[in-house]
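Grab a pencil and work through these short exercises one at a time. Try each task yourself before you read its solution.

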Amino acid sequence: MKTLIGVVMGSSSDWDTMQQAVQILQHFGIPHEAKVVSAHRMPDDMFAYAEAATERGLKAIIAGAGGAAHLPGMLAAKTVVPVLGVPVQSKALSGVDSLHSIVQMPKGIPVATFAIGAAGAANAALFAVAMLANENPTLRDKLNAYRAEQTAQARAMTLPPAL
């Protein structure tokens with residue numbers, strides 16, 4: 001099957017966060033790839049990845065980055081394929097630095113930005129699934145079932161007795 005979603009990160013240390021996106025894509029059977037494409041250590045590879053995204057048929061790129069977090073914005077600067085940015089939690093500033101770097105894109109180069117860390121990676125993947133589901137009724141049904149299961153789990157929650 002043709003790869004539809006690219007999941008890229010600046011370093012293998014980002015995998016703990018970004019594997020959350022991959023798990024969601026696997027759950028929905030979305031053809032994807034995951035790889036390290038560092039904005040700072042391999043800029044030529046990063047530009048080539050972005051420039052080839054459209055012709056390769058990618059429908060979205062989920063890009064996770066920590067620290068300076070230039071990867072999502074630089075990818076977005078070189079492709080019209082939607083880029084979904086995931087700030088990876090950093091040791092120095094707990095990912096707030098990453099969040100600010102990704103969310104503060106200049107007018108004209110959008111990056112959809114998600115929460116810091118694992119929740120952001122999972123939600124970026126769910127957003128990509130929702131984008132694909134607009135054109136795929138079977139996938140839309142799977143997404144609706146996923147949400148219904150979340151609702152059922154929340155309704156089944158109980159609280160401990162008050163002390």
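**Exercise 1: Two loop residues**

S94 sits in the loop that links β4 and α4. Keep in mind that you're looking at a predicted model.

Task: Work out what is notable about the phi of S94, and find whether S94 is buried, partly exposed or exposed. Then do the phi step for A69.

Solution:
- Step 1. Start with the general rule: most residues other than glycine have a negative phi.
- Step 2. Phi of S94 is near 60 degrees, which is positive even though this residue isn't glycine.
- Step 3. The relative accessible area of S94 is 40%. Buried needs under 20% and exposed needs over 50%, so S94 counts as partly exposed.
- Step 4. Now A69, found in the loop between β3 and α3. A69 isn't a glycine either, yet its phi is positive, about 50 degrees.
- Step 5. With a relative accessible area of 3%, A69 is buried.

**Exercise 2: α1 meets α5**

Task: How are α1 and α5 oriented to each other, and which residues make their contact?

Solution:
- Step 1. Helix α1 (residues 15-27) packs against helix α5 (residues 118-133) at an angle of about 30 degrees, and their axes are 7 Å apart.
- Step 2. Angles under 35 degrees count as roughly parallel, so that's the label for α1 and α5.
- Step 3. Their crossing is right-handed.
- Step 4. From α1, the contact uses T17, M18, Q20, A21, I24 and L25; from α5, it uses A118, A121, A122, A125, L126 and V129.
- Step 5. Sort these by class and you get ten nonpolar, two polar and no charged residues.

**Exercise 3: α2 meets α3**

Task: Are α2 and α3 parallel or oblique to each other?

Solution:
- Step 1. The axes of α2 (residues 43-56) and α3 (residues 71-78) come within 8 Å and cross at roughly 50 degrees.
- Step 2. That angle makes the pair oblique.
- Step 3. The crossing of α2 and α3 is right-handed.
- Step 4. On the α2 side you'll find M46, F47, Y49, A50 and E51, which meet L71, M74, L75 and K78 of α3.
- Step 5. The contact has seven nonpolar, no polar and two charged residues.

**Exercise 4: The buried side of α4**

Task: Which residues of α4 are buried, and what do they pack against?

Solution:
- Step 1. In α4 (residues 96-103), the buried ones are D97, S98 and I102.
- Step 2. Looking down the axis of α4, they fall within an arc of 125 degrees, so they line one face of the helix.
- Step 3. They pack against β3, α3, β4 and β5.

Technical notes:
Residues numbered from 1 in each chain as written. Predicted model: local features only at pLDDT ≥ 70, side-chain atom pairs only at ≥ 80, totals over all residues. Heavy atoms only, no water. Axes fitted to C-alpha atoms, helices over the stretch in contact; angles between N-to-C directions. Helix = DSSP H or I, 4+ residues; strand = E, 2+ residues; numbered from the N terminus. Parallel < 35°, antiparallel > 145°, perpendicular 65-115°, else oblique. Left-handed = near helix turned anticlockwise from the far one by under 90°. Contact = heavy atoms within 4.5 Å. Nonpolar A, V, L, I, M, F, W, Y, C, P; charged D, E, K, R; others polar. Buried < 20%, exposed > 50% of the residue type's maximum accessible area, 1.4 Å probe, protein only. Arc of directions from axis to C-beta.
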